[in-house]
Amino acid sequence: MPKPRETAVYTHGHHESVLRSHTWRTAANSAAYLLGSLKPHMNVLDIGCGPGTITADLAALVPDGRVTGVDRAPGILEQARATAAERGLTNTEFAVGDVHALDFPDDTFCVVHAHQVLQHVGDPVRALREMVRVTRPGGIVAVRDADYAAMTWYPAVDGLDDWLDLYERVARANGGEPDAGRRLKSWALAAGLRDITATSGTWTFATAEERAWWSGLWADRTLASAYADRAVGGGHASAEELRAVSRAWREWGRREDGWFAVLHGEILCRKEPRD
């Protein structure tokens, strides 16, 4: 029987405006809920590692262990390898991989981590079962995902509600679930996990620099990324509607009173030891 494969299409792609966000991510701002559980000797699997900034941070925290980063896009792994090399890390490796069918034996890793992954996959419960399979008994499955419908901002600039509605339609048409954060515990239970600690975390963008960065990357992403192509190609928006959304992002970014919060769901799951 052939192995199951991911059916969802990655909504964002790897345009520069997307990587601008991905390379900003660190273990501190994106995996703080996990860090207290790490030990120097641990072997870690980082799923959906992208350009490798979180992967490299995790590797620095497990100097006597090893971190393996996997991603479905071969091209982005070259950037991940370069990130690790620039930091002088020798305990990392990278490989192409599909979270629905991981190419590792059972009980391989102490920690299996995925940041902003399950919102983009075709079957998140199956993905979690695979993550559990390759985790050692007593080990940890750690997952964090944004929840788009729970994102909130001020002021209510005309066009940003249109952005949220459009993004959710495009993401779901691609086979994903943009409101993944609120569903993580439910998916973990469906995957057979029982020792689950569910928390939440936020990113907040409020200073002039933060507003310029966050609004700029979304304004550019709306016009030039794979997401823009899929929005137009899928019949979800016209090019003019995308330009209007991009202008709304620029306008919000110029507002001195602008504030934007991204809510994330988080789960730490312990794989039960065998009897």
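This report walks through a predicted model of a single chain, from its overall build down to a few individual residues.

**The chain as a whole**

Let's start with the big picture. The secondary structure adds up to eleven helices and eight strands. The radius of gyration is 19 Å, close to the 19 Å that the globule rule gives for 275 residues, so the chain is as compact as a globular protein of that length. Along its principal axes, the C-alpha trace spans about 60 × 40 × 35 Å.

How much of the chain is tucked away? Of the 275 residues, 55% count as buried. The chain still exposes about 11,900 Å², and carbon and sulfur atoms supply 50% of that area. Contacts tell a story about sequence distance too: among those with a separation of 6 or more, 79% are between residues 24 or more positions apart.

On the charge side, there are 31 positive and 37 negative charges, and their mean positions sit 3 Å apart.

**Aromatic pairs**

The structure holds 23 aromatic pairs. One of them joins F104 and F109, with ring centres 5.1 Å apart and 85° between the planes, which makes the pair edge-to-face. Both of these phenylalanines are buried.

**Helix α4 and the strand beside it in contact**

Helix α4 covers residues 53-61, and seven of its nine residues are buried. The buried ones are T53, I54, T55, A56, D57, L58 and A59. As a general point, an α-helix has 3.6 residues a turn, so residues three or four places apart point the same way.

Which residues does D46 touch? Leaving out anything up to four places away in sequence, D46 touches I54, T55, L58, V67, T68, G69, V70 and H113. Three names on that list, I54, T55 and L58, are also among the buried residues of α4. D46 itself sits in strand β1, residues 43-47. Its relative accessible area is 2%, so D46 counts as buried. For a sense of scale, D46 and E168 are 122 residues apart in sequence, and their C-alpha atoms are 26 Å apart.

**D71 in strand β2**

Another aspartate worth a look is D71, placed in strand β2 (residues 66-71). Is D71 buried or exposed? With a relative accessible area of 10%, it falls under the 20% cut-off, so D71 is buried. Setting aside neighbours within four places in sequence, D71 is in contact with G48, C49, G50, I76, L77, A95, V96 and G97. W214 lies 143 residues from D71 in sequence, and the two C-alpha atoms are 24 Å apart.

**Loops with something to check**

Now for the loop between β3 (92-96) and β4 (109-115), where D107 is found. D107 has a positive phi of about 60° although it is not a glycine. At 23% relative accessibility, D107 counts as partly exposed.

P105 lies in the loop between β3 and β4 as well. It has a relative accessible area of 57%, so P105 is exposed. Beyond residues up to four places away in sequence, P105 touches R133 and V134. The C-alpha atoms of P105 and T55 are separated by 21 Å, with their positions 50 residues apart along the chain.

Past β4, the loop that leads to α6 (124-133) contains Q116. This residue also has a positive phi, about 55°, although Q116 is not a glycine. Why does Q116 count as buried? Its relative accessibility is 10%, and buried means under 20%.

One more backbone detail: the peptide bond from Y154 to P155 is cis, with omega near -5°. P155 lies in the loop between β6 (152-154) and α7 (160-173).

**Accessibility side by side**

Here are the individual residues discussed above.

| Residue | Relative accessible area | Class |
|---|---|---|
| D46 | 2% | buried |
| D71 | 10% | buried |
| Q116 | 10% | buried |
| D107 | 23% | partly exposed |
| P105 | 57% | exposed |

Conventions: Residues numbered from 1 in each chain as written. Predicted model: local features only at pLDDT ≥ 70, side-chain atom pairs only at ≥ 80, totals over all residues. Heavy atoms only, no water. Buried < 20%, exposed > 50% of the residue type's maximum accessible area, 1.4 Å probe, protein only. Helix = DSSP H or I, 4+ residues; strand = E, 2+ residues; numbered from the N terminus. Rg over C-alpha atoms; globule rule 2.2 N^0.38 Å. Contact = heavy atoms within 4.5 Å. Areas by Shrake-Rupley, 256 points an atom, 1.4 Å probe, with all protein chains shown as cover. Lys, Arg positive; Asp, Glu negative; His and termini not counted. Charge placed at Lys NZ, Arg CZ, Asp CG, Glu CD. Phe/Tyr/Trp six-rings, centres within 6.5 Å; stacked < 30°, edge-to-face > 60°.
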